[in-house]
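Hello,

Here is the structure I said I would hand over. My notes on it follow below.

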Amino acid sequence: QVQLVESGGGLVQAGGSLRLSCAASGRTFSSYVMGWFRQAPGKEREFVAAISRSGGTTSYADSMKGRFTISRDNPKNTVYLQMSSLKPEDTAIYYCAADLRVTVSTTASRYRYWGQGTQVTVSS
């Protein structure tokens with residue numbers, strides 16, 4: 001089992017940047033595929049980005065490509081989401097997720113472990 005704690009959210013103006021962090025504890029961090037998802041008020045949870053166990057493979061939702069970058073530091077048990085050129089529609093609670101699998105997944109139901117989320121608000 002792994003525990004996930006997100007941080008780095010906040011209020012930013014449109015066009016600005018934020019870096020989210022997700023610290024993991026428990027079993028070996030490098031055993032987990034990691035993902036970021038987000039949920040805006042009144043909307044379903046949606047995929048943002050995912051990264052393989054080694055960090056060598058990443059996947060992004062189309063609307064995030066070129067603006068968001070996922071990375072991980074296995075010795076530090078941390079995964080990051082660097083967000084730039086933020087838009088008001090990026091406003092949401094951002095969740096970190098983890099699962100023991102071989103390949104990255106864009107599907108929320110395939111991730112077993114979830115953090116509590118961190119709020120990102122982008123003002124226009």
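Ser21 is buried, with a relative accessible area of 15%; like everything below, this value comes from a predicted model. The residue sits in strand β3. Since the cut-off for buried is under 20% relative accessible area, Ser21 falls on the buried side because its value is 15%. Leaving out neighbours within four places in sequence, Ser21 is in contact with Val5, Glu6, Ser7, Trp36, Thr78, Val79 and Tyr80. I also looked at Ser21 and Trp114, which are 93 residues apart along the chain; their C-alpha atoms are separated by 13 Å.

The sheet around Ser21

Strand β3 belongs to an open sheet of 4 strands, in the order β1-β3-β8-β7, with antiparallel pairing. The edge strands are β1 (residues 2-7) and β7 (residues 68-73), and each of these pairs on one side only. On average, neighbouring strands in this sheet are turned by 15° against each other, direction ignored. As general background, strands of a sheet pair through backbone hydrogen bonds, either parallel or antiparallel.

Two of the pairings can be followed residue by residue. Strand β3 covers residues 18-26 and strand β8 covers residues 78-83; they pair in the antiparallel sense over 6 bridges. Within this pairing, Ser21 has Tyr80 in β8 as its bridge partner, and Ala23 has Thr78. The pairing of β1 with β3 is antiparallel and also runs over 6 bridges. There, Val5 stands opposite Ala23 in β3. Ala23 therefore has a partner in β8, namely Thr78, and Val5 faces Ala23 from the other pairing.

Glu6

Which side chain of opposite charge is nearest to Glu6? It is Arg45, 7.7 Å away; Glu6 is buried yet has no salt bridge. A salt bridge would need the nitrogen and the carboxyl oxygen to be within 4 Å, so Arg45 does not qualify. Glu6 lies in strand β1.

What the side chain of Glu6 does reach is backbone. A polar atom of this side chain lies 3.1 Å from the backbone nitrogen of Gln116. The side chain of Glu6 also reaches the backbone nitrogen of Gly117, at 2.9 Å. Not counting residues up to four places away in sequence, Glu6 touches Ser21, Cys22, Trp36, Tyr94, Tyr95, Cys96, Gly115, Gln116, Gly117 and Thr118. Ser21 is thus among the residues touched by Glu6.

Salt bridges

How many salt bridges does the structure hold? There are 5, and three of them are described here.

- Glu46 forms a salt bridge with Arg38, with the closest N and O atoms 2.5 Å apart. Glu46 is partly exposed, at a relative accessible area of 34%, whereas Arg38 counts as buried at 6% relative accessibility.
- Asp90 and Arg67 meet through their side chains in a salt bridge of 2.7 Å, N to O. Asp90 lies in the loop between β8 and β9 (residues 92-99) and Arg67 in the loop between β6 (residues 58-60) and β7, so this pair ties together parts that are 23 residues apart in sequence. Asp90 and Arg67 are both buried.
- Asp99 and Arg101 meet in a salt bridge of 3.4 Å, N to O. Asp99 counts as buried at 8% relative accessibility, and Arg101 as partly exposed at 21%.

Arg38, Glu46, Arg67 and Asp90 are linked in a network of salt bridges.

Ser59

One more serine is worth listing. Ser59 is found in strand β6. Is Ser59 buried or exposed? At 18% relative accessibility, Ser59 counts as buried. Leaving aside residues up to four places away in sequence, Ser59 touches Phe47, Val48, Ala49, Ala50, Val104 and Thr106.

That is what I have so far.

Regards

Conventions:
Residues are numbered from 1 along each chain as its sequence is written. This is a predicted model: local features need pLDDT of at least 70, side-chain atom pairs count only at pLDDT 80 or more; totals for chains, interfaces and linings use all residues. Side-chain values use heavy atoms; hydrogens and water are left out. Two strands pair if DSSP finds at least two bridges between them. Helices (H or I, at least four residues) and strands (E, at least two) are DSSP runs, numbered from the N terminus. Axes are lines fitted to C-alpha atoms, for helices over the stretch in contact, and angles run from 0 to 180 degrees between N-to-C directions. Buried means under 20% relative accessible area, exposed over 50%, partly exposed in between (1.4 Å probe, protein chains only). Lys and Arg count as positive and Asp and Glu as negative; His and the chain ends are not counted. A polar contact is a pair of N or O atoms within 3.5 Å; within protein, one must be able to donate a hydrogen and the other to accept it, and residues adjacent in sequence count only if both atoms are side-chain atoms. Contact means heavy atoms within 4.5 Å.
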